[in-house]
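Please load the model in your viewer, show it as a cartoon, and keep the selection panel open. The stops below follow one another, each beginning with something to select.

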Amino acid sequence: MFQHIEPYAGDPILTLNEAFGRDPRTDKINLSIGIYFDDEGKLPVMAAVRAAEAQQLQAAGVRPYQPMEGAANYRQAVQHLLFGAEHEAVKSGRIATLQTIGGSGGLKVGADFLKRWFPDSAVWVSDPTWDNHRAMFEGAGFKVGTYPYYDAATGGLDFEAMLAAIEQLPARSIVLLHACCHNPSGVDLTHAQWARLIPVIARRGLIPYVDIAYQGFGDGIEEDAWAIRALAADRTAGTPISFFVASSFSKSFSLYGERCGALSVVCPDAAQAELALGQLRATIRRNYSSPPTHGGQLVARVLQTPALRAQWAAELDAMRVRIAALRQRLHSGLGERLRAAGDTRNIDYFITQRGMFSYTGLSATQVDRLREEHAVYLVRSGRMCAAGLNPNNVDAVAAALATVML
Ligand code: PMP
């Protein structure tokens, strides 16, 4: 019956993570999967989340189905966090926000909705992007192309090529953009670059689809939402830009397994937001009917209780600052070793790239050597998760990197 089924090769990152789990070496270091680990190499439980959970246990009772679109308090908290409570787009009610099963669920619900209502559009993603972007949009029936993004020569952004490519896209093309902390490269647009890109998007009548899975890990919670707020405020074409935002709390609340995410569709007016919300509810109904309760209520409680929110913001800030410090340490440790061997190449991209990830520029062969000879796990594209570094492993990583780079 099932012999014709093609074997699934597995997700490259999850497969690597499983291989890491099986590796018997005690000094192994996992810099592959996008998970934030603390100084002990453990997944943190944020104090604000723990406090919210204690409160929630007291209040726990019956568990009815949630509405298809999720809990109202959660949806409002998401909107306020992404757009700012005072943003015109929020106040005028022209954003349809739904609670989804992780950021992935948000991406998928939005992709299915777009395929139904914009069947002739194609999707354009950055080169490179998170592998699952292509898989999800192709899975929803779209053709997926790429626009230039990462510049291997500099470890930075090829913004002019990106802009030129986006300028050529037909109206209603769907352009997937990372709001901050680009996965996998760690390379982001500056505010000035966003300010040049957004009017092009408006003039060309494109549909931006913004993925924000690392809010708070780049420059700060509010700063990282800058592009989303700027898109929502743009009036270059006379009317607002309509766009999609898939967001995730997996990393920013360290609630990976609770699957807390959202999809927000920014519409020209409140009436169209109501139409979009209706069809998005239908999309959810046909897929999984409604989202789960627990994790979303933890997030909503934290975000809507001033003391917990302040505690969470401080904890997230500390995580961001800690990653930046570890990047600095890796940069100087590696730099010293390279220079000692007479290698003067510029490795500043380790500190200019933002968020959890860095493109190290290592080849697949070098990544294989790192894993086989030094038990240091990176993704074969050369992507390193800097959030897997800690004071106990950073020097070993610098030494291992130097060995394979020289
Ligand atoms: N987008 C990007 C860029 C991501 O890196 C991730 C998580 N790896 C997601 C979306 C999905 O987040 P979630 O785990 O909440 O589904």
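Helices (H or I, at least four residues) and strands (E, at least two) are DSSP runs here, numbered from the N terminus. Residues are numbered from 1 along each chain as its sequence is written. The model is predicted, and local features need pLDDT of at least 70, side-chain atom pairs count only at pLDDT 80 or more, while totals for chains, interfaces and linings use all residues.

Begin with the whole chain, whose secondary structure comes to 15 helices and 13 strands, and whose C-alpha trace spans about 65 × 55 × 55 Å along its principal axes. Buried residues, meaning those with 20 or more other C-beta atoms within 10 Å of their own (exposed: 12 or fewer; partly exposed: in between; C-beta atoms placed from the backbone), make up 45% of the 406 residues.

Next select residues 243-248, which form strand E9; six of its six residues are buried, so the strand is largely enclosed by the rest of the structure. Phe243, Val245 and Ser247 point one way from E9, whereas Phe244, Ala246 and Ser248 point the other way. In a regular strand the side chains alternate between the two faces of the sheet.

Add the strands that pair with E9, where pairing requires that DSSP find at least two bridges between two strands. Strand E8 (residues 207-212) runs parallel to E9 and is joined to it by four bridges, with Val245 of E9 as the bridge partner of Val210. Between these two strands the chain passes through helix H9 (residues 226-233), a β-α-β crossover that is right-handed (with the strands pointing away from the viewer, the path from the first strand over the helix to the second runs clockwise). Strand E10 (residues 260-266) runs antiparallel to E9 and shares six bridges with it; Leu263 of E10 is the bridge partner of Ala246.

Within E8, pick Tyr209, which counts as buried because it has 24 C-beta neighbours inside 10 Å. Leaving aside neighbours within four places in sequence, Tyr209 is in contact (C-beta atoms, placed from the backbone, within 7 Å) with Gly110, Ile174, Val175, Leu176, Phe243 and Phe244.

Now turn to the ligand and select the residues around it, that is, those whose C-beta atom, placed from the backbone, lies within 6 Å of it. Among them are Gly34, Trp130, Asn183, Asp211, Ser248 and Gly261, and helix H5 (residues 102-117) gives the most to this shell, with three residues.

Which peptide bonds are cis, with omega about 5° in one case and near 20° in the other? The bond joining Asp127 and Pro128 has the omega of about 5°, and Pro128 is in the loop between strand E3 (123-127) and helix H6 (131-139). The bond from Asn183 to Pro184 has the omega near 20°, and Pro184 is in the loop between strand E7 (174-178) and helix H8 (191-204).

Finish with two backbone torsions. Most residues other than glycine have a negative phi, and most peptide bonds are trans. Arg259, although not a glycine, has a positive phi of about 55°; select it in the loop between E9 and E10, where it counts as buried because 21 C-beta neighbours lie inside 10 Å. Ala375 has a positive phi of about 60° and is found in the loop between helix H14 (364-374) and strand E12 (376-377); with 18 C-beta neighbours inside 10 Å, Ala375 counts as partly exposed.

Methods:
Two residues are in contact if their C-beta atoms, placed from the backbone, lie within 7 Å.
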